[in-house]
Amino acid sequence: MKRKLLSAILCIAMAATMLVGCSSKGTDTADEGTTTTEDTTDEAAPAEANGYKVGVAMPTQSSERWINDGANMKAKLEELGYKVEMQYAEDDVQAQVSQIENLIANGADCLVVAAVDSSALVNVLAQAKQNNIPVIAYDRLLMDTDAVSYYATFDNKGVGTAIGNYIVETKDLEAAKAAGESYTIEFFMGSPDDNNALFLYNGVMEVLQPYLDDGTLVCKSGRTSFEETCILRWSQETAQQNAENYLSGFYADDKLDIACSAFDGFAYGIKAALEGAGYTAEDWPLITGQDAELMAVKNIIAGTQTMSIYKDTRLLADKCVTMVQAVLEGAEPEINDTEQYNNNVLTVPSYLCTPVAVDKDNYEEVIIDGGYYTEEQLAE
Ligand code: BGC
């Protein structure tokens, strides 16, 4: 009896939701209260609203790249007439779950999700699926779920091989090997709950492992596995602590020559640790990074970071938007990989953008001429 009553209530509730949902399509051009974290009031209104609402869940504003990602995504979706509700979870897994629940409850027609913890959203994504809300994984793959339709990202293994190749070429490891010389190196890898981090590590090691094996690269801490070098939630503080521990524990006599870091945030922490340990321009190591954040490019110009990986978030947003259009309006999404990204349930059709290594020799051409930052921003 109770069951019947409950299902009757659910049916009425569902019918009501459907009615509300239907009536909003194509007619809802006015402002609807949203809890977007961005002020949208002074942005150009889209030419014509199409009545679809896209919920965007982003991981954190503590790193510049995600702020740019969110802003680009929002602008592109609004240009196409979609209404956007965007949330940032500040690296709090539970907060992101609640935010996605709210996006669903607020009537999102599609979700774009860059996860804090790629495996922690299984239940809330199942809820989206039950409500027929398609989900696009943005930059980070959503693991252990069948509720994801497409994945837009950069070639994450390619990021790792680009970092590895940069080290090989800049330090001329082939010449060092022939001369029987060696360089010291330490590794600072990404978050174990982010599928991208292992891809990056595998790319780095595909290039550098042979040089570790033949002694051209020497890791004095002995920490070379992913498990030993990963840093939870991409924490700059942990990277700094690790660097401090390595420098005091293993580099009292020999200097550190290379800090193989998977993230600009880590590079800032490593820089602070090196300064604390008395390193100067004379013995400053090669430091890698990822994201080409404004601060990182400034550091590259100043010589305290050697390189970064430029990921044009405008391009990523473009590709993601084609996926949103595909799930909402039946358009053809751009896909260029149907093999690499298996989330333990399915292999997700993906678009991989190409990462580009930037350093002091090419940042003007890539970053400034590419319109990513202006000369003025970099000079401030
Ligand atoms: C992204 C990187 C970023 C890192 C930390 C990863 O998922 O692919 O671009 O540096 O998260 O935010």
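## Polar contacts to the ligand

In this predicted model, a polar atom in the side chain of Trp-66 is 2.8 Å from an oxygen atom of the ligand. Two aspartates also place polar side-chain atoms by ligand oxygen. For Asp-139, an N or O atom of the side chain and an oxygen atom of the ligand are 2.7 Å apart. For Asp-194, a polar side-chain atom lies 2.5 Å from a ligand oxygen atom.

The protein buries 98% of the 310 Å² that the ligand exposes when taken alone.

## Residues around the ligand

Trp-66, Asp-139 and Asp-194 are among the residues around the ligand. The others in this shell are Arg-65, Arg-140, Asn-196, Trp-234, Phe-263, Gln-290, Asp-291 and Lys-311.

Sorted by class, the shell holds six charged residues, three nonpolar residues and two polar residues.

## Pocket and domains

The pocket that holds the ligand is the second largest. Both domain 1 (49-155 + 312-353) and domain 2 (156-311) supply residues to the shell around the ligand, with at least three coming from each.

Methods: Residues are numbered from 1 along each chain as its sequence is written. This is a predicted model: local features need pLDDT of at least 70, side-chain atom pairs count only at pLDDT 80 or more; totals for chains, interfaces and linings use all residues. Side-chain values use heavy atoms; hydrogens and water are left out. A residue is near a molecule or strand if one of its heavy atoms lies within 4 Å of it. A polar contact is a pair of N or O atoms within 3.5 Å; within protein, one must be able to donate a hydrogen and the other to accept it, and residues adjacent in sequence count only if both atoms are side-chain atoms. Accessible areas come from the Shrake-Rupley method with a 1.4 Å probe; for residues, only the protein chains shown count as cover. On a 1 Å grid over the protein atoms alone, a cavity is a set of points where a 1.4 Å probe fits but cannot get out, and a pocket is an open set with protein on both sides within 12 Å along at least five of seven lines; lining residues have an atom within 4 Å of a point. A molecule sits in a cavity or pocket if more than half of its atoms lie within 2 Å of its grid points. Ala, Val, Leu, Ile, Met, Phe, Trp, Tyr, Cys and Pro count as nonpolar, Asp, Glu, Lys and Arg as charged, and the others, Gly among them, as polar. Domain bounds come from an automatic or database domain assignment.
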